[in-house]
Amino acid sequence: MSIAVLVCAVLAVLSGGHGMAQGPGRAPDYPTAPVPIARVTFSDAFWAPRLETVRNVTIGATFRQSELTGRIKNFEIAGRDATGEFCSRYAFDDSDVFKIIEGASYALAVKPDKALDAYLDTLIAKIAKAQEPDGYLYTARTINPSKTMAMAGKERWTNLQDSHELYNLGHLYEAAVAHYQATGKKTLLNVATKSADLVARTFGPAGLRYPPGHQEIEIGLVKLHRVTADPKYLALAKFFLDERGNPSGHKLYGEYAQDHKPVVDQDTAVGHSVRAAYMYSAMADVAALTGDTRYLAALDKLWDDVVLRKLYLTGGIGATGAWEGFGPAYDLPNSAYAETCASIANALWNFRMFLLKQDARYIDVYERAVYNAMLSGISLKGDTFFYPNPLLSLGQHERSPWFACACCPSNLPRFILSIPSHAYAVGGDKLFVNLFVQGTARVGMPAGDVAIEQQTRYPWDGDVRIRVSPARAGRFALHVRVPGWALDHPVPGDLYRSLTTGRDSVTLKVNGTLVPIRLERGFAVIAREWAAGDSIDLHLPMPVRRTVAHPSVKADEGRVAVERGPLVYTAEFVDNGGRVTNLTLDDQSPLASDWRPDLLNGVMAVTGKAKALRMRNGSPVSEPVPLTLIPYYGWAHRGKGEMAVWLARRPDLARPAPEPTLASASKASSSEGGKGIQGLNEQYEPTDSNDHTAIYFHWWPKKGSTEWVQYEFPAETTVSETSVYWFDDTGQGECRVPRSWRVLYKSGAQWLPVATRDAFGVAKGTYNTVRFTPVRTGALRVEVVLPADFSAGIQEWKVR
Ligand SMILES: [Zn+2]
């Protein structure tokens with residue numbers, strides 16, 4: 001779409017809430033408007049119960065965690081209703097509370113809840129009291145300005161690279177707009193505008209010229225602009241974007257914070273992926289509102305870079321935990337960071353790209369991220385969460401009720417409860433059906449309301465009936481998305497390719513009559529005179545599909561993933577004899593879908609046959625075994641164990657299940673502070689010292705001290721050799737090979753050094769073996785002296 005069309009497009013008036021500025025004086029905006037959550041009801045078996053769980057469990061659980069961890073007390077202390085010092089860990093902890101308020105507001109927008117409404121009122125009163133008279137709101141400073149933590153900076157706005165002062169406010173503004181639109185109350189909105197007015201007085205071409213270290217305020221300012229029609233908030237959002245990469249204003253923060261070059265010159269996705277995708281979302285907003293074509297050109301290049309080269313099959317982004325962000329092109333290790341917040345940010349960005357361009361490929365990416373990577377971030381019960389969402393686990397992963405850095409748990413309620421507002425959209429006389437979810441919607445079209453009713457078992461079944469009932473008969477164009485996966489394009493571009501062919505095809509009926517499908521930017525267009533009760537039937541074939549990755553993705557070479565509809569499948573240990581990394585799924589082995597009402601709240605499982613490799617008397621033996629796959633989002637609900645999305649297509653890529661060894665039969669323990677103890681003897685051979693797929697043991701953040709790990713043998717045994725594979729995450733973390741080490745054995749109550757002439761090696765990428773005079777003992781220790789300025793860790797430890 002040309003920018004001229006974009007800025008001239010008339011925005012359909014669609015607000016279901018309060019206070020959207022409308023009418024002739026209204027600024028240009030996206031050419032497409034989402035149908036707000038209050039006008040969309042899901043009544044399906046997949047999303048409706050999840051939304052209910054978020055309303056009934058997640059919001060309460062995350063507010064409770066915010067109370068337990070001092071996040072809410074911080075507001076009380078800052079407001080002088082309580083005494084004490086800042087009592088949580090990070091200066092950005094205020095933002096978690098704002099995010100949960102935003103989610104709670106979406107809950108109130110669709111369903112009255114007196115208790116929740118009252119809780120928000122009380123909480124908002126605390127926040128308002130914590131705000132300083134001039135509008136400044138940042139409990140990490142207000143509580144005790146003379147004793148701030150390092151990240152906050154000594155004075156206001158002096159350490160924006162780390163302080164998150166502006167980041168917090170972005171979430172405040174989003175929460176305030178959501179609360180206002182849901183309840184009509186201006187209590188939080190007044191806090192937000194008072195804060196934003198201070199920021200507008202402080203920053204700008206004639207004021208401070210620092211962009212925030214973590215993007216987010218730009219999105220919040222745009223929402224504040226829309227609800228107040230105050231142009232200075234939009235100008236400020238654009239100012240913060242344009243200051244990035246502008247060395248005349250400040251010392252650049254670098255690639256990590258996308259502050260290495262001006263945003264309009266950025267063409268490669270780099271750095272922290274949540275910051276990046278929030279920034280891209282804000283660029284889309286500002287482009288829509290200002291018509292700045294340079295933003296659009298940059299967004300196209302950045303989107304290509306992410307979707308063609310840096311997107312996990314699950315829709316997750318951010319390959320490495322070292323900077324919580326993007327790696328190089330095609331570098332997609334299955335140890336995947338894929339932070340839950342990054343999947344949310346990716347979905348938010350792609351939804352905005354759809355609003356800009358009315359192209360279904362953006363919803364394809366949105367859907368992939370939402371049904372897979374994002375949904376993995378929250379348990380079925382709604383009270384435990386993942387921060388990273390790997391595509392391969394050796395059993396070290398488990399959801400947690402909270403994290404010291406709690407960005408992900410607090411992000412999930414607001415995102416999940418906003419999904420209904422992504423299902424439908426309107427652009428002029430086009431009514432877009434983006435998502436297939438059974439339920440109803442009341443869509444405001446220029447000629448009047450149109451009631452939509454969807455009947456479908458999606459995502460388990462690809463038949464969708466859509467009833468279209470306009471209040472008055474009239475002509476408009478229904479644009480029904482035909483997902484890329486239904487046309488053999490699992491993703492836009494060639495990062496992933498479908499191996500499955502030869503099945504029935506997508507069909508479309510209008511009032512029972514088959515019609516040819518006219519595709520326009522991925523949407524089947526049905527432009528006609530609509531009358532109450534008209535219906536269309538969309539048939540999306542949903543066979544089990546095999547998908548392979550681009551040959552440049554080394555991690556997936558020779559491997560296959562299984563998908564069905566919008567869902568990525570995975571093999572988990574509990575369904576597959578305790579292991580999955582030893583399985584081979586050859587291309588000819590048939591796969592079938594199998595409805596399991598009792599599994600994971602009801603899922604379509606995929607079943608077939610695989611080959612399992614096991615070591616027997618020193619040689620690998622292959623045997624046929626049944627294979628069961630579950631939707632990826634459902635993993636890690638039945639204990640800790642192996643999980644793999646990408647299965648070996650060739651036996652040489654499977655890891656034979658090892659035979660028990662003395663090490664694997666031993667009880668492992670360590671000196672205090674050691675983490676990942678199972679990594680010592682989980683028998684996964686690391687590929688190098690920096691292999692983050694293997695479970696590694698480490699003492700970080702301890703440095704310079706003397707530490708130990710220990711095996712207690714099942715019975716007294718004679719041992720004479722031990723091998724240690726050191727962990728070293730140079731370039732990513734603070735673990736290095738040790739300064740020195742030695743081996744001790746237990747003799748009575750004493751630990752004695754073994755007798756050896758071998759050197760205690762510290763080579764990387766290999767086992768360091770020491771042979772010693774045989775000893776008969778019940779336990780062996782490796783004692784390690786950590787480097788002065790670094791920690792250390794162990795990939796694997798063997799004993800013979
Ligand atoms: Zn997060």
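**Helix α5 and the zinc site**

Helix α5 comprises 17 residues, 114-130, which at 1.5 Å a residue should span 24 Å; the C-alpha atoms at its ends are 24 Å apart, so expectation and model agree. The model under discussion is a predicted one.

The buried residues of α5 are Leu 116, Leu 120, Leu 123, Ile 124, Ile 127 and Ala 130. Because they cover an arc of only 110° around the axis, they are placed on the same side of α5. The underlying geometry is general: an α-helix has 3.6 residues a turn, so residues three or four places apart point the same way. The buried residues of α5 pack against α2 (47-68), α3 (71-78), α4 (93-110), α6 (139-142), α8 (165-183) and α9 (187-202). On the other side of α5, Lys 114 and Ala 115 are exposed.

A second point of interest is the zinc ion. Its protein donors are Glu 339, through OE, and Cys 341, Cys 407 and Cys 408, each through SG, at 2.0 to 2.3 Å from the ion. The angles among the four donor atoms run from 98 to 120°, and the site is tetrahedral. Along the sequence, the spacing of the donor residues is E-x1-C-x65-C-C.

The cysteine donors can also be described by their accessibility. Cys 408 is buried, with a relative accessible area of 0%, and Cys 407 is buried at 9%. Cys 341 is likewise buried, its relative accessible area being 2%. Cys 405 is in no disulfide: the nearest cysteine sulfur, that of Cys 407, lies 3.8 Å away, whereas a disulfide requires sulfur atoms within 2.5 Å. By this rule, the count of disulfides comes to zero.

Methods:
Residues numbered from 1 in each chain as written. Predicted model: local features only at pLDDT ≥ 70, side-chain atom pairs only at ≥ 80, totals over all residues. Heavy atoms only, no water. Donors = N, O, S within 2.8 Å, 3.2 Å for Na, K, Ca; no water. Tetrahedral: all angles 85-135°; square planar, octahedral: opposite > 155°, others 65-115°. Buried < 20%, exposed > 50% of the residue type's maximum accessible area, 1.4 Å probe, protein only. Helix = DSSP H or I, 4+ residues; strand = E, 2+ residues; numbered from the N terminus. Expected span 1.5 Å × (residues − 1). Arc of directions from axis to C-beta. Contact = heavy atoms within 4.5 Å.
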